[in-house]
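Visitor: I would like a close look at one part of this model, a pair of packed helices and the strands beside them. Please take me through it in one connected account.

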Amino acid sequence: MATPLLLHACCGPCSLEPVKYLREAGFEPTICWCNPNIQPVAEHDHRLDVLMRWAHDVAHVQVIVAADPRDAWESAAAPAGFDRERRCRACYAVRLTEACRVARERGFTHISTTLVVSPYQLFDVCHDQLLALARKNGLTPVWRDFRPHYPESVVESRELGMYRQNYCGCRFSAAEAAIERHEARDARKAAKAQARAARATGGCSR
């Protein structure tokens, strides 16, 4: 018989591979949605809707929509601003604390998270938070490095037509992602300009 497990999920696309591989490992996940970091609220609701439709129509996995402790997130994570490690540590703690509360109240003994699918998350920081909070709540943390399966999740989610967000969730991550996209765009433009200049110089020298 499969072992029941509460799986904190950050979004639909990041849930694909964890549900599949946890089932293969002998667990039966129930997804717990708690992501008060996602802003604006319309974005939060859209991501939840994508997750719910996939869970119901494709994965046949139950979803528990937990509390949405936005005030706790603003108090704990927002003051860190663009200090990413401090902000993400506090963010993980708020979300996983609520997931552990749900697990304890619903009678789960095992807990995991989809946060570690994305290579953009802080793997070790999330690991520390999950282990500490699970033990504090008398739960068994199921830690898996799902990052090698990230390319699979990208392909599969696109095949399913799932919405894929371009930032983690909070307003700070949105700004950071926008800066990174602009820097990457500028780097591509500079590389093209250098290539054109090199071709032009080479043409004059012959």
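Guide: What follows goes from the helix pair to the strands. The model is a predicted one.

Two packed helices are described by the angle between their axes and the distance between the axes. Here the pair is α4, residues 84-106, and α5, residues 123-136; their axes come within 9 Å and cross at roughly 35 degrees. The crossing of α4 and α5 is right-handed. On the α4 side the contact is made by E85, R89, Y92, A93, L96, T97 and C100. Facing them, α5 contributes V125, C126, D128, Q129, L130, L133 and A134. Sorted by class, this contact has 9 nonpolar, 2 polar and 3 charged residues.

Taken one at a time, the helices have spans close to expectation. With 23 residues, α4 reaches 32 Å from its first C-alpha to its last, close to the 33 Å expected at 1.5 Å a residue. For α5, with 14 residues, the reach is 20 Å, close to the expected 20 Å. A glycine with positive phi comes just after each helix: G107 after α4, at about 85 degrees, and G138 after α5, at about 70 degrees.

The buried residues of α5 are F123, V125, C126, Q129, L130, L131, L133 and A134. These buried residues pack not just against α4 but also against two strands, β4 (110-113) and β5 (140-141). V125, C126, Q129, L130, L133 and A134 also belong to the contact with α4.

That leads to β4, which is covered on both faces. H110 and S112 lie on one side of β4, I111 and T113 on the other, and all are buried. The strand β4 has a parallel partner in β5, joined to β4 by 2 bridges, and in this pairing H110 stands opposite T140 of β5. Another parallel partner of β4 is β1, residues 3-9, joined to β4 by 3 bridges; there H8 stands opposite T113.

From β1 the pairing continues to β2, residues 27-33. β1 and β2 run parallel and pair over 7 bridges, with A9 opposite W33 in β2. Strand β2 is mostly covered, as 6 of its 7 residues are buried.

Put together, the chain of neighbours starts with α4 packed on α5, passes from the buried residues of α5 to β4 and β5, and goes on from β4 to β1 and from β1 to β2.

Conventions. Residues are numbered from 1 along each chain as its sequence is written. This is a predicted model: local features need pLDDT of at least 70, side-chain atom pairs count only at pLDDT 80 or more; totals for chains, interfaces and linings use all residues. Side-chain values use heavy atoms; hydrogens and water are left out. Axes are lines fitted to C-alpha atoms, for helices over the stretch in contact, and angles run from 0 to 180 degrees between N-to-C directions. Helices (H or I, at least four residues) and strands (E, at least two) are DSSP runs, numbered from the N terminus. A crossing is left-handed if the near helix is turned anticlockwise from the far one by less than a right angle, and right-handed if clockwise. Contact means heavy atoms within 4.5 Å. Ala, Val, Leu, Ile, Met, Phe, Trp, Tyr, Cys and Pro count as nonpolar, Asp, Glu, Lys and Arg as charged, and the others, Gly among them, as polar. The expected span of a helix is 1.5 Å times one less than its number of residues. Buried means under 20% relative accessible area, exposed over 50%, partly exposed in between (1.4 Å probe, protein chains only). Two strands pair if DSSP finds at least two bridges between them.
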